[in-house]
Amino acid sequence: MSVRLMVVDDHRLLAEALASALKLRGHRVLAAAAPTGGAAELVVSRAPEVCLFGTALPAEPGAFDPIVRIRQERPQVAVVVLGPVPSPRGIAAAFAAGACGYVRHDERIEGVERAMVKARAGEAAVAPTLLQGAFAELLNPVAQPDDEGQRLLQMLTPREVEVLVRVAEGEDTRLIAAGMRIAPSTARTHVQRVLMKLGVGSRLEAAALAARTGLLDRAAMTAAVCAAEPGTPEGPDPVV
């Protein structure tokens with residue numbers, strides 16, 4: 001059954017990829033937008049049946065403020081959060097803000113569809129395994145959880161970090177080369193090294209992994225810090 005929906009995510013590439021996949025499966029996508037900070041106005045004006053709301057940091061304060069506004073002004077809109085492996089705090093914050101469901105970023109498209117249909121019907125759309133994992137973490141908290149995003153970030157050079165950020169923003173090889181003032185062949189080499197180091201086979205997979213682990217947000221902050229540091233900046237790669 002076709003669902004009238006919107007997809008919003010801070011990472012435009014993810015929003016547009018998911019929107020395209022859902023269109024191919026017969027759903028009516030009113031818009032695919034980024035960032036989530038301006039999502040409330042768009043959702044309120046378009047009034048979809050379901051809003052898929054992507055976030056890489058569900059436990060951060062204010063992450064779900066747009067959902068609060070959407071539910072206040074368009075209570076008939078069912079909001080399903082797309083996020084990383086959630087903490088109990090993240091799940092609680094999502095539902096406290098008015099979300100009807102929570103789906104992991106790495107869920108199959110069929111799982112996203114099931115969540116959309118359940119949410120539209122007024123049911124809670126959250127996998128039992130997510131709830132079980134949340135309860136397990138509450139009962140047996142880990143003192144120092146592994147930081148997968150930080151581990152992956154340490155594998156990349158500063159130049160590769162910038163490439164990853166640009167890939168996640170949807171830039172193709174030509175735009176990456178122009179933005180970094182390098183040859184297209186050099187840009188392709190950097191992209192391939194990023195994919196290899198992250199252990200993924202495509203740019204979309206790299207963007208999804210970066211969003212799911214929080215790597216992308218860390219990468220953006222690292223790139224900004226490096227740009228602000230005094231000293232002799234790294235020059236552009238030679239154009240060949």
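Here are some questions and answers about a predicted model.

Visitor: In what order do the strands of the open sheet stand?
Guide: Happy to start there. The open sheet has 6 strands, and their pairing is parallel. From one end to the other, the order is E2-E1-E3-E4-E5-E6.

Visitor: Which strands stand at the edges of the sheet?
Guide: Look for strands that have a single partner strand, so that one side is left without a neighbour in the sheet. Two strands fit that description: E2 (28–33) and E6 (125–126).

Visitor: What is the bridge partner of Met 6 in E2?
Guide: Strand E1 covers residues 4–9. E1 runs parallel to E2, and 5 bridges join them. In E2, the partner of Met 6 is Ala 31.

Visitor: Is E4 enclosed or open to the outside, and how many of its residues are buried?
Guide: Let's take the two faces in turn. On one side, Ala 78, Val 80 and Leu 82 are buried, and on the other side so are Val 79, Val 81 and Gly 83. Both faces are therefore covered, and E4 is largely enclosed by the rest of the structure because the buried count is 6 of the 6 residues.

Visitor: Which residue stands opposite Leu 82 of E4?
Guide: The pairing to follow is that of E3 with E4, which is parallel and has 5 bridges. Opposite Leu 82 in E4 stands Gly 54.

Visitor: And in E5, what is the bridge partner of Val 80?
Guide: E4 is also joined to strand E5 (residues 101–104), with 4 bridges and a parallel run. In E5, Val 80 has as its partner Gly 101.

Visitor: At about what angle does helix H3 run to E4?
Guide: Helix H3 spans residues 65–73 and lies across two strands, E3 (50–54) and E4 (78–83). Relative to E4, H3 runs at about 165°.

Visitor: Is Ala 47 buried or exposed?
Guide: Ala 47 sits in the loop between helix H2 (39–46) and E3. Its phi is near 50°, a positive value in a residue other than glycine. Buried means under 20% relative accessible area. Ala 47 has 16% relative accessibility, so the answer is buried.

Visitor: What about Arg 181: buried or exposed?
Guide: Arg 181 belongs to the loop between helix H9 (173–180) and helix H10 (184–198). Arg 181 is not a glycine, yet its phi is positive, at about 60°. The cut-off for exposed is over 50% relative accessible area. With 57%, Arg 181 is therefore exposed.

Conventions
Residues are numbered from 1 along each chain as its sequence is written. This is a predicted model: local features need pLDDT of at least 70, side-chain atom pairs count only at pLDDT 80 or more; totals for chains, interfaces and linings use all residues. Side-chain values use heavy atoms; hydrogens and water are left out. Two strands pair if DSSP finds at least two bridges between them. Contact means heavy atoms within 4.5 Å. Axes are lines fitted to C-alpha atoms, for helices over the stretch in contact, and angles run from 0 to 180 degrees between N-to-C directions. Buried means under 20% relative accessible area, exposed over 50%, partly exposed in between (1.4 Å probe, protein chains only).
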